[in-house]
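Subject: Structure handover and findings

Hello,

Here is the structure for you to open alongside this note. My findings follow below it.

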Amino acid sequence: MNRTLDRSLADDLVRPLFHTSVWFYGLALALGTVVASGLAAWGYQIWNGIGVTGKRWPVFWGFYITNFVFWIGISHAGTLISAILRLVNARWRRPVTRCAEVITVFALMIGAMFPLIHLGRPWLFFWMAPYPSSRDLWPNFRSPLVWDFFAINTYLLGSLLFLVLPMIPDFALVRDRSTGLRRRIYGALALGWQGTTKQWHRLEAAMQIMAIAILPVAVSVHTIVSFDFSMAPVPMWHSTIFGPYFVAGAIFSGIAALIVAMAVLRRALKLEAYLHPMHFENLGKLLLLMSLLWVYFVFAERLTVWYGNEHSEMSVFWTHQTGNYAPLFWTMVACNFLIPFPILALRKLRTIPGVVFASVTVLIGMWLERYLIVVPSLGHKALPYSWGTYGPEPIEIVIMASTFGAMALLYTLFARFVPIISIWEMKVGQHPHRHALPEEDEEAAGLWRVRP
Amino acid sequence: MPYRWGMAVDADRCTGCEACVTACHAENNIPTVGPEQAARGRAMHWMRVERYVEGDFPDVRVKFRPVLCQQCDAAPCEAVCPTYASHHTEEGLNAQVYNRCIGTRYCGNACAYNVRFFNFFNPVWEKPLNLQLNPDVSVRGVGIMEKCTFCVQRIKAAKTVVKAEGRALRDGELQPACAQACPTSAIVFGDLNDPESRVSRLARSPRGSKLLEETGAEPKITYLAKLAWDESDAR
Amino acid sequence: MSPLDRRQFIKVTAVTGTAAALAACGNPEHQIIRFIPEDDLVPGVATWKPSYCPLCAAGCGVVARVMEGDAEVFRNGQAGVMRMALAKKLEGNPDDPVSRGKLCPRGQAAIQVTYHPDRVAEPLKRAGERGEARFVPIGWDEALAEVVAQLDALAAAGETAGLACVSRPRGPLRAALVARVLEGFGGRAPVAWEAMGDDVLRRANGVSFGSHAMPMVDLADSRYVMAFGADFLGTWHAPVTFGVGYGRMRQGRPGVRGKLVQVEPRMSTTGASADEWVAIRPGTDGVLALGLAHVMLAAGLRQASDAGRAGAAIAGWSEGLSEYTPARVEEITGVAAARVERLARELANHPPAAVLIGGPALAHTNGLFHALAVNALNALLGSVGQPGGLVVPPDVPAPASPAGLASLLEAAPTVLLLDEANPVFDAPPSWRVAERLRAIPFIVSFGSFIDETSAFADLILPDHSFLESWVDAPPAGSDSSPRVAGPVMRPLHRTRSMPDVLLDVSRRLARPLAGLPETFEAFVSAAAPATPASASGPSRARATADAPAAAAWAPPRFDGEAGEFPFHFLPYASQNFLDGSLAHLPWLQEMPDPLTSGMWSSWVEVNPRTAERLGIAQGDIVEVRSAHGVLRAPAVLLPSVGPDAVAMPVGQGHTEFTRYASGRGVNPLAILAPLTDEATGMPAWSATRVQITRAGSGDGSLILFAGATRERPDTHEGR
């Protein structure tokens, strides 16, 4: 009984690796086109200059930094959630962790591109990196952008490890099921995994260390991203609340992104048997919590500004509340709280479609939140003579769209080449004590222990 | 003792004529961006004369305030630049190293005065307007920030001259383009380390204040308040 | 590898250098001919050469910073590159009595005249219809031969009076030389045309003070200055000289700070700087001036006889101006009676004090009255010719009257010489300049740019720029000699100095003109310092003929019924372009307007209350309709203009004036009524009434540098 279950589980989950549908090629082609158009747009921008965007004096940051913060926020879905769930040993996490961790890695990669896209002279981006140069020139370690450089790279590296470590047993499984070139590739990726007790223990230990280590890194990354803003004397940026506010917002948007990704996978890869309504409900509850936290932060931030009544801050405040940016601001409030709150709070509405809908609005709302942090403040600094308004140009929208395309493409490719649900962890879920006592059931263990 | 360059701007003298604005363009090879780009907020004026209109007709009051880089001693633009393109010199200037700038534009955000300008495109000088370019000032290319330098090229030249002549720089001998052009002499430039220089004396004036001093950036330009006339003034 | 020693380094560079040079031979850019460079060039070292700014009549003395550079030039029929001395920047000349080492924004931008990409680089011959501005290049010899042929034909027919010349205000020596050439030929006296000129004031000064010169105020020593409409710190007369004095008046004397009172219906740049701004009904300035005089006389602060000749020019002066009681003044001007009393006492009690009038205040049908009234008030104050008072320089030729250009056009000359005047753009539409130019058989322009007027020319014989030629400026200060400077740099293009071309032509005529100098340089060198500008000029005779009967208040006439056209239309000389003659300079196009911060655009200034009533928002397109025309421009809401008026800067709206100005904005002068000052015939450009309606939402043509107008903007204000 257990054995057949194991087999069908493995069959189900590795199927996408062995059976490529036409849909895959079509989708990959379509997404590839979107990404290519974004790259072409970027090339056009590099050739001509940042002037092809809508950025202007004094709103020097716009869509790109908005997207940067947004994507870095999305990246908090994965690793952070999966690490927490691992640490508290939430059983229901098992089918969720890998899709979550993948989001982190890809979102980080995309997010980290934006500061480069945003540069006036992107070909000199490496000047931000510390490297020994003949002139003894180092980056300015006082600059939050240099902190970003370190924080994002650390997080990316950590998340990559956190993602790849538990993939090793699954690579081994694929290796054992395949032949030829594929076997050699997956063999290399499996790093000689034999499924010995020692290896299992090492893996477990490594996962435990990573899960603990990645938590402060994740928190620090978005705190440091918030420092990009809060370190500058710009009205409504220069605030102590920005660190936790950004982290909360990041987790908020991250969970929403995870829910959407899971829903897509569930439908596309027919994983209904693994991703249950319970998963969506649990994540939905988490989303509800974050929504409340988000509202709390927004309220606290705004109350402080309003009470302080400092005139340049107030000009930004009112432009949000009732001025030019009010439509965006209130859409954001609706998307992040007014719509998702009832959906997530009422059990009747907390269905898969309901939770997914709420997640989509949260994604829109959180993107708007980033935009509203970046743009109105820069346009309303202390000297009203120098005020200005920013609006994006088509090229910025193309590049932004292409990053969503890139996310989808990377995700599609990933799901095509790696089991998107951790097979061994699912199995462990079915036989909670199996991996601890593999020799008990020689036959089942044989699945893992392969003679070379 | 090294120099410490500073400036005083007298609102009681300033008429908002903008001679300083054009003089700055002429001296510092600041490009004109043309109407399309100007409409998109890309006009570059290292020196601008802010005007604020208060009151209603016929009791209208207008305030002119020339705003340029304040050469802050604790400049936020310097701290945030990842490549040290924006940095502090020994003489207290906020230098912008054009070659080192990679265009994050972070300094432009951090500057509370919005006196930093970005080259959104390569500048264009329709021939032969290029012949007018000042050979002492580099022409900035696409993708980098630029701003008022207190006419550092003039400072360099003046220091070379006084060194060759083996004497000290006289107060008022060296002027940036804006101060030199200003018909009403509203702009005074000089060495703040010399307590007797005109700019030092004006910096101590009871009419003096710093713009946005509350940001803690320690700006080096003193703004002298415009006075209201009363009978006793003219006696 | 061992480190490179010096010997090796030289070898390597020699080899690579030669290789590079050989490789470069294939590149056409490197095959351009290099002319022998100018000698006495020291690389990297600047020299300073004096000149005079030609952009307005003040003639600021400048020094040009000259450094070497590679210019693409045309020499001896060959294009090439030449290392030559190039002017790099203009500064005020510290030794000059007008600029005193300072310069205005227009003077700073004057250098762009020389390097303008659309300068006429060689003689052009008309290839299209008149006004089409289609030209083909032509050689100098051919061009001059054509001019000579036309003039010879004129002389042969005995119609030498058919030769006429219109120029913009030029230095007195250049004007005198041109006048001598025309006089020698038998042509009409040359006419200097300036759209927003001060002929009314000059004439009034002739009556009041016996001098037709433009007045100055010794601001530096003044304790109280009142200006009626004269934007003397921005655009009027000699803003740099005034600016230098103003700085000293405000902060140049320990313990003394003079007061500036500005009286005008629309706040100018000067008004924005004033200590007190007095809004007045358009066309009533003289009444306020006489009201102030009345208070002084009535209170015994001054005696009527103090005003002498200037007072005698005003009807009822010796009777104490009983017509001009504060109450009556309030009724006419809208300035409260109590305020009139106070201002009069302040003015009388703070000597030395001076009063100025100019610009829009005189552009009314009763303009001369206002000027005479202000002159009388000045005389009453007793500060004329005193330190801190009004300075009236020695007499100069009186302006032709009625306006010289109008009568010249009516006379329909056969050959017209145009020296950078642009009446097609800036003369009153009722003069139908374009139509009349079309009827003139032969027009030669000496302009450096193709503008609306030179588009009508048959030949364009481009002049040198002021930096490339001998220039002179009107005398100033205590010295009455003209100010003269030589060229700063060699010509960039195939241009020739306009006076020299005239002299050349006069020698080539079938009957060469006698008694003329060889060159303009010789002429200015010979002009001894003692020879003032009083040179010739047939209009000289008029100087004594302009004493009219004692001036009395007559209400100004406005064009358009107040019911149908409820708003006064107040065009004003823009800080950037003056009367529009500088709209081709990109620095000035991109310089934010001092009050609105507008760049590259036209706009209509509307009072916010008016705008609210008419549903006009900032940037909305407004239709301005007078009885004589209609224009559309974006609205700028500013409280600096009254609810019963709208204002517009002059300068934009060129149809043909280089790439930077053509097709940009609208020209407010185009909808003006054909009213003139009744005494002088000068256009009364402030006397038109208009109606305004909202014509649509913003089309993006309003380009502002500033985000907000108020320092503490309301929530929704700004961008």
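Start in chain C, where the buried residues of helix α6(C) pack against α10 (308–312), β13 (353–357) and α13 (367–381). Buried here means that 20 or more other C-beta atoms lie within 10 Å of the residue's own; exposed means 12 or fewer, partly exposed is in between, and C-beta atoms are placed from the backbone. Helices (H or I, at least four residues) and strands (E, at least two) are DSSP runs, numbered from the N terminus.

Two notes on the source. This is a predicted model, in which local features need pLDDT of at least 70 and side-chain atom pairs count only at pLDDT 80 or more, while totals for chains, interfaces and linings use all residues. Residues are numbered from 1 along each chain as its sequence is written, and chains are lettered from A and ligands numbered from 1 in the order in which they are written.

**Chain C**

Helix α6(C) spans residues 199–209, and 11 of its 11 residues are buried. Among them are the charged-name entries to look for on screen: Asp199(C), Arg202(C) and Arg203(C). Gly210(C) follows the helix, with a positive phi near 75°.

Strand β7(C), residues 163–167, is also mostly covered: 5 of its 5 residues are buried. Leu163(C), Cys165(C) and Ser167(C) point one way, Ala164(C) and Val166(C) the other. Strand β7(C) runs parallel to β15(C), residues 415–419, and 5 bridges join them. Leu163(C) has Val415(C) as its bridge partner there. Strands count as paired if DSSP finds at least two bridges between them.

Further along, 6 strands of chain C form a closed barrel in the order β20-β24-β21-β23-β22-β25, with mixed pairing. Its neighbouring strands are turned by 45° against each other on average, direction ignored. Within it, β22(C) (621–626) and β25(C) (688–696) run antiparallel, joined by 5 bridges. Glu623(C) stands opposite Thr693(C) of β25(C).

**Chain B**

Chain B has 7 helices and 10 strands. Its radius of gyration is 18 Å, close to the 18 Å that the globule rule gives for 235 residues, so chain B is as compact as a globular protein of that length. That radius is taken over C-alpha atoms, and the rule is 2.2 Å times the number of residues to the power 0.38. Buried residues make up 56% of chain B.

**Contacts between chains**

Residues are in contact if their C-beta atoms, placed from the backbone, lie within 7 Å. The contact of chains B and C takes 52 residues from B and 65 from C. On the chain B side, α1(B) gives the largest share, 7 residues. By class, that side has 28 nonpolar, 11 polar and 13 charged residues. Nonpolar covers Ala, Val, Leu, Ile, Met, Phe, Trp, Tyr, Cys and Pro; charged covers Asp, Glu, Lys and Arg; the others, Gly among them, are polar.

Chains A and C touch through 11 residues each. The chain A side has 4 nonpolar, 7 polar and no charged residues.

**Chain A**

Helices α4(A) (78–87) and α10(A) (242–268) pack at about 85°, with axes 9 Å apart. They are therefore roughly perpendicular (65 to 115 degrees; under 35 is roughly parallel, over 145 roughly antiparallel, the rest oblique). Axes are lines fitted to C-alpha atoms, for helices over the stretch in contact, and angles run from 0 to 180 degrees between N-to-C directions.

Best wishes

Key: Two residues are in contact if their C-beta atoms, placed from the backbone, lie within 7 Å.
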